[in-house]
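Trainee: I have a model open and would like to go through it. Can you take my questions as they come?

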Amino acid sequence: MPPFTVLHVCMGNICRSPMAERLLALAVRERLTRRAQDPAQAEALVHSHSAGTGGWHAGEEMNPPAARQVTGRGGDVAGFAARKLRSDHIDAADLVLTATADQQEYVVALRPDAAARTFVLGEFGRLLAAVDAAALPPDGATPEAVYARGVALVAAAHDARLGASALTTDDLDDPWGRGDQCFSRVADEIEETVHPLAGVLLP
């Protein structure tokens, strides 16, 4: 039940998935502001969190170039600590967004019943365009309305991908150890999905 919970997954949980976690949270706050509603209620509507398939960096802060992308776009990195993906993280998620197709396969191998709600982030962004937002439950800035709309959106996106597979271009490059320009490009690609997602949840 509410809030609508989005789990972002990458490899080490210090670059791609933390950026996605915090940029989605920022996008939700921005949608509330545009609706002239209190952005402080964002967490009660959409819970955005992340984990990594490996636990090498558990407990670490976000990689500095990733943190710079989040803060430079108006987001917040306070309180972040990397963690290894567990089955209960998947069980509690209404939507799982992975950085790559390999990580999508990892999630589904761990929890086969999560297949219908697990997508490569870029794939989900493409599928959003195929969803008829008018057919979703009514919008509203309440936990119940956002949850109902989110769950219906995930089901519609799953239906839209039946018979198709993720594209190699859906994967996010791993920017770890690379320069700010690479991190900026990856953050741009993340925003290409999380901004429309927030826009559908809170039109």
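Mentor: We can go through the fold, the cores, the empty spaces and a few single residues.

Trainee: Anything to know before I start?

Mentor: This is a predicted model, where local features need pLDDT of at least 70, side-chain atom pairs count only at pLDDT 80 or more, and totals for chains, interfaces and linings use all residues. Residues are numbered from 1 along each chain as its sequence is written, and side-chain values use heavy atoms, with hydrogens and water left out.

Trainee: How many helices and strands does the protein have?

Mentor: The protein has eight helices and four strands. Helices (H or I, at least four residues) and strands (E, at least two) are DSSP runs, numbered from the N terminus. Their order from the N terminus is β-α-α-β-α-α-β-α-β-α-α-α.

Trainee: What radius of gyration does the protein have, and what would a compact globule have?

Mentor: The protein has 16 Å, which agrees with the value near 17 Å for a compact globule with 203 residues. That radius is taken over C-alpha atoms, and the globule rule is 2.2 Å times the number of residues to the power 0.38. Along the principal axes, the C-alpha trace spans about 45 × 40 × 30 Å.

Trainee: What share of the residues counts as buried?

Mentor: Of the 203 residues, 50% count as buried. Buried means under 20% relative accessible area, exposed over 50%, and partly exposed in between (1.4 Å probe, protein chains only). As for contacts (heavy atoms within 4.5 Å), residues 24 or more positions apart account for 76% of those with a separation of 6 or more.

Trainee: Now the core. Which residues touch the most other members?

Mentor: In the largest nonpolar core, which has 49 residues, those are Met19, Leu95, Phe124, Leu153 and Leu197. β1, α1, α2 (42-45), α3 (64-72), β3, α6 (121-128), α7 (143-161) and α8 (180-201) each supply at least two residues of this core. The largest share, nine residues, comes from α8. A nonpolar core here is a set of buried Ala, Val, Leu, Ile, Met, Phe, Trp, Tyr and Cys residues joined through side-chain atoms within 4.5 Å.

Trainee: What does phenylalanine 124 touch?

Mentor: Leaving out residues up to four places away in sequence, phenylalanine 124 touches Leu95, Leu97, Phe119, Leu153, Ala157, Thr193 and Leu197. There is also a second, separate core of nine residues, with Leu7, Ile90, Ala93 and Val96 among them.

Trainee: On to the holes. What volume does the largest pocket have?

Mentor: About 150 Å³. On a 1 Å grid over the protein atoms alone, a pocket is an open set of points with protein on both sides within 12 Å along at least five of seven lines, a cavity is a set where a 1.4 Å probe fits but cannot get out, and lining residues have an atom within 4 Å of a point. The largest pocket's lining includes Glu21, Arg22, Arg29, Glu43 and Asp76.

Trainee: Which element gives the largest share of that pocket's lining?

Mentor: α1 does, with five residues. The lining residues divide into four nonpolar, one polar and five charged.

Trainee: And how many cavities of 30 Å³ or more are there?

Mentor: The structure holds one, with a volume of about 30 Å³. Among the residues that line this cavity are His8, Arg16, Ser17, Leu97 and Leu172. α1 gives the largest share of this lining too, three residues.

Trainee: Last topic, glutamate 191. Buried or exposed?

Mentor: Glutamate 191 counts as buried, because its relative accessibility is 15%. Glutamate 191 lies in helix α8 and touches Leu23, Arg73 and Pro196, not counting residues up to four places away in sequence.

Trainee: And where does histidine 89 lie?

Mentor: In helix α4 (residues 87-91). At 5% relative accessibility, histidine 89 counts as buried. With residues up to four places away in sequence not counted, histidine 89 touches Leu7, Ala51, Arg83 and Lys84. The C-alpha atoms of histidine 89 and histidine 195 are separated by 23 Å.

Technical notes
Points joined across faces, edges and corners; volume = space filled by probe spheres on them. Nonpolar A, V, L, I, M, F, W, Y, C, P; charged D, E, K, R; others polar.
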